[in-house]
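Reader: I would like to go through some of the terms used for this structure and ask what lies behind each of them. Could you set each value beside its cut-off?

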Amino acid sequence: MPTPSLDSLPIRRLTLRDLTACADLSEDRGWPREEHKWGLLLVAGRGHGIDAPDGGLAAACVVTEYGPREQPSLTAVGMVLVAERHSRQGLGRRLMRHVVEEAGTTPLTLYATPLGRPLYEELGFKVTGQAEMVRGHFVPSGRPDILTRTATADDLPAILRLDEEVFGMDRTHIVTRLPAFADQLRVAEEAGRIIGYAAAWPNMDTHVVGPLIARDTATAQALIASLAAHTNRPLRTDIDVRHRELLDWVREHGLAPIACNAVMTHGITELPGDWSRRFAPVTVAAA
């Protein structure tokens with residue numbers, strides 16, 4: 001029986017049953033397996049994949065929608081991967097065209113590596129910002145003036161209100177999963193009012209700080225310091241480069257830059273919400 005051409009292979013929905021295949025695909029491209037992150041994305045978002053004729057996945061990506069379920073306000077695209085043995089055969093382009101067509105009039109956003117950026121530009125995405133990835137063991141210095149504590153179930157309504165105000169749209173389906181997904185979820189408080197929150201979730205040998213929502217830089221610093229105080233792992237996070245003061249501060253405290261990715265959008269010229277209080281995403285795969 002002849003092997004079907006890659007062009008004829010259907011694009012299908014991925015589910016949690018595909019978790020191992022997704023992790024295998026990550027590993028095939030030299031990425032960490034990241035099964036924990038894949039699990040969140042496949043449940044909170046929607047996976048698209050192309051099965052390889054010789055087994056496993058030839059290509060995959062995940063989209064996460066925000067805003068009203070019936071008419072999303074924004075779709076984030078992430079984990080766009082093509083198996084090494086099937087690379088440079090148009091599968092990534094085909095998968096992304098499918099995502100763009102499926103989104104219709106809904107704006108799209110993604111974080112692009114230098115390698116992926118030309119494809120996204122070809123499809124009409126524009127660079128609207130940048131995020132710097134930093135990693136390292138946090139070195140504490142002194143005690144922050146801002147009170148932080150572990151979040152409780154009673155904090156969730158206030159966290160959701162703050163998150164929607166800053167992010168610019170509802171993402172309850174992500175935020176309500178953070179207590180189970182993250183090893184830490186902490187809030188910053190002033191006069192009994194929550195002025196910021198952040199999570200630290202496990203990813204291979206690190207704890208990723210994200211999301212990081214804070215009233216100002218000092219609040220963001222206090223949240224990072226409090227998360228670092230409760231882990232022995234290196235921290236990793238992706239900080240909007242407009243937050244230069246925070247980037248300088250984390251460098252002074254042991255986190256070094258390891259990559260810089262472009263924030264790209266399709267259908268809008270800038271992301272909604274208040275960037276001045278949005279310091280880091282949950283993950284670059286879901287915005």
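Reader: Why are α1 and α2 called oblique to each other?

Author: The model is a predicted one, and in it helix α1 (residues 19-28) packs against helix α2 (residues 35-44) at an angle of about 125°, with the two axes 10 Å apart. Angles of 65 to 115 degrees count as roughly perpendicular and those over 145 as roughly antiparallel, so α1 and α2, which fit neither description, are oblique to each other. The crossing in which α1 passes α2 is right-handed. On the α1 side the contact is made by Leu19, Cys22, Ala23 and Ser26, and on the α2 side by Glu35, Trp38, Gly39 and Leu42. These residues divide into five nonpolar, two polar and one charged, with Gly counted among the polar ones.

Reader: What makes α8 largely enclosed by the rest of the structure?

Author: A residue is buried if its relative accessible area is under 20%, and 11 of the 12 residues of α8 are buried, so this helix is largely enclosed by the rest of the structure. Among the buried residues of α8 are Thr217, Gln221, Leu223, Ile224 and Leu227.

Reader: How do you know that the reach of α8 is close to the one expected?

Author: Helix α8 (residues 217-228) has 12 residues, and the distance from its first C-alpha to its last is 16 Å, which is to be set against the 16 Å expected at 1.5 Å a residue.

Reader: Is arginine 88 buried or exposed, and how do you know?

Author: The cut-off for exposed is over 50%, and arginine 88 has a relative accessible area of 73%, so arginine 88 is exposed. This arginine is found in the loop between β4 (74-82) and α3 (91-103), and its phi is positive, about 60°, although it is not a glycine.

Reader: Is alanine 287 buried or exposed, and what value decides this?

Author: Since buried means under 20%, the relative accessible area of 13% makes alanine 287 buried. Its place is in the segment after β13 (278-280), and its phi, near 70°, is again a positive value in a residue other than glycine.

Reader: Why do such phi values, and any cis peptide bond, deserve a remark?

Author: Most residues other than glycine have a negative phi, and most peptide bonds are trans.

Reader: Which peptide bond is cis, and how do you know?

Author: The bond from glycine 210 to proline 211 has an omega near 0° and is cis; proline 211 is found in strand β10 (residues 206-214).

Terms used: Residues are numbered from 1 along each chain as its sequence is written. This is a predicted model: local features need pLDDT of at least 70, side-chain atom pairs count only at pLDDT 80 or more; totals for chains, interfaces and linings use all residues. Side-chain values use heavy atoms; hydrogens and water are left out. Helices (H or I, at least four residues) and strands (E, at least two) are DSSP runs, numbered from the N terminus. The expected span of a helix is 1.5 Å times one less than its number of residues. Buried means under 20% relative accessible area, exposed over 50%, partly exposed in between (1.4 Å probe, protein chains only). Axes are lines fitted to C-alpha atoms, for helices over the stretch in contact, and angles run from 0 to 180 degrees between N-to-C directions. Angles under 35 degrees count as roughly parallel, over 145 as roughly antiparallel, 65 to 115 as roughly perpendicular and the rest as oblique. A crossing is left-handed if the near helix is turned anticlockwise from the far one by less than a right angle, and right-handed if clockwise. Contact means heavy atoms within 4.5 Å.
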